[in-house]
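This report describes a protein chain and its bound ligand. The sequence and structure are shown first, and the ligand contacts are taken up directly afterwards.

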Amino acid sequence: MNQTSNIERVHTDAIRARKGRDPLVCLTAYTTPMAKALDPYCDLLLVGDSLAMVIYGLETTRGVTLDIMIAHGQAVMRGTERACVVVDLPHGSYETSEYQAIASAARVMSETGCQAVKLEGGVEMASTVKAIVDAGVPVLGHVGLLPQKAEHRGGFKIQGKDDEGAKQVMADAQAIADAGAFAMVIEGTVEPVARAITEQVGVPTIGIGASPACDGQILVTQDMIGTFADFTPKFVKKYADLGTAMTDAAKAYAEDVRARRFPGLEHCFGVEKPAD
Ligand code: KIV
């Protein structure tokens with residue numbers, strides 16, 4: 001429980017217990033004001049390495065470091081009371097050895113105070129997931145389309161399209177569940193396979209471009225609010241157009257400044273308020 005309010009934080013055990021029950025509401029968050037706006041409505045907030053693209057303007061998720069993820073994790077923790085906060089382990093911070101993965105996960109946990117870490121990968125990362133979980137850090141898995149590896153797999157391709165692909169994603173999901181992940185993201189995977197995984201594994205699945213049958217759903221918030229216009233995947237539903245609102249506000253401000261309509265005397269100091 002928070003020291004100054006009586007709001008209970010959602011922990012990973014509570015997320016795990018939601019398997020097969022009412023859907024988990026999840027979004028990404030990267031800053032304190034954004035986290036404050038989303039926290040009352042979300043079970044889980046992910047400090048995703050998608051921030052490389054939607055905040056830092058990079059072309060892939062691979063350009064962010066552990067230090068950057070930790071800084072954003074701290075910002076999101078400052079803005080939340082309720083949601084379970086998960087921080088992505090960025091590319092290069094966990095693949096070299098189990099020792100490296102545990103050290104990175106431990107840094108994220110101790111320096112942010114978040115509830116869990118997420119890492120991408122299936123069968124090939126199962127022993128790493130187990131090692132981090134055994135070290136006492138809850139892990140959210142991520143199978144299907146893996147943005148950190150997309151460059152080497154011919155781009156952002158939907159997974160599970162043929163028999164072999166479907167078997168691979170199913171095996172990946174099972175391996176991550178067996179390794180002790182408390183839940184897993186299924187990204188960019190054909191609907192019947194995402195549905196079958198959800199029926200097969202004993203932990204909640206959180207879909208993005210996956211299936212309405214998943215135990216929860218997640219979107220990149222910038223996609224959902226319309227502030228990332230470079231590319232909008234098919235699976236995104238836009239709930240607001242804040243990108244246009246921002247441009248309109250900048251245009252109106254520029255017009256006011258150029259016409260000397262802003263600032264007015266009411267925005268200045270040392271000016272007597274005129275008598276009514
Ligand atoms: O980095 C991210 O935002 C993610 C989501 C797409 C699940 O991993």
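## Polar contacts of the ligand

In this predicted model, the side chain of Asp49 places an N or O atom 3.0 Å from an oxygen atom of the ligand. Ser50 also contributes a contact: one of its polar side-chain atoms lies 2.5 Å from an oxygen atom of the ligand. For Asp88, the distance between an N or O atom of the side chain and an oxygen atom of the ligand is 3.2 Å.

On its own, the ligand has 260 Å² of accessible area, and the protein covers 96% of this area.

## The ligand shell

Asp49, Ser50 and Asp88 belong to a wider set of residues around the ligand. Also included in this set are Thr28, Leu46, Gly48, Lys118 and His142, together with Val185, Glu187, Ile208 and Val220.

Sorted by class, the shell around the ligand is made up of four nonpolar, four polar and four charged residues.

## The pocket

Where in the protein does the ligand lie with respect to the pockets? The space that the ligand takes is the largest pocket.

## The chain as a whole

The chain has 276 residues, of which 49% are buried. Its secondary structure consists of 11 helices and eight strands.

Taken along the principal axes, the C-alpha atoms of the chain fill a box of roughly 75 × 45 × 35 Å.

Definitions and conventions:
Residues numbered from 1 in each chain as written. Predicted model: local features only at pLDDT ≥ 70, side-chain atom pairs only at ≥ 80, totals over all residues. Heavy atoms only, no water. Near = heavy atom within 4 Å. Polar contact = N/O pair within 3.5 Å; in protein donor to acceptor, adjacent residues only side chain to side chain. Areas by Shrake-Rupley, 256 points an atom, 1.4 Å probe, with all protein chains shown as cover. 1 Å grid on protein atoms, 1.4 Å probe; cavity = no way out; pocket = protein on both sides within 12 Å on 5 of 7 lines; lining within 4 Å. Sits in = over half its atoms within 2 Å of the grid points. Nonpolar A, V, L, I, M, F, W, Y, C, P; charged D, E, K, R; others polar. Helix = DSSP H or I, 4+ residues; strand = E, 2+ residues; numbered from the N terminus. Buried < 20%, exposed > 50% of the residue type's maximum accessible area, 1.4 Å probe, protein only.
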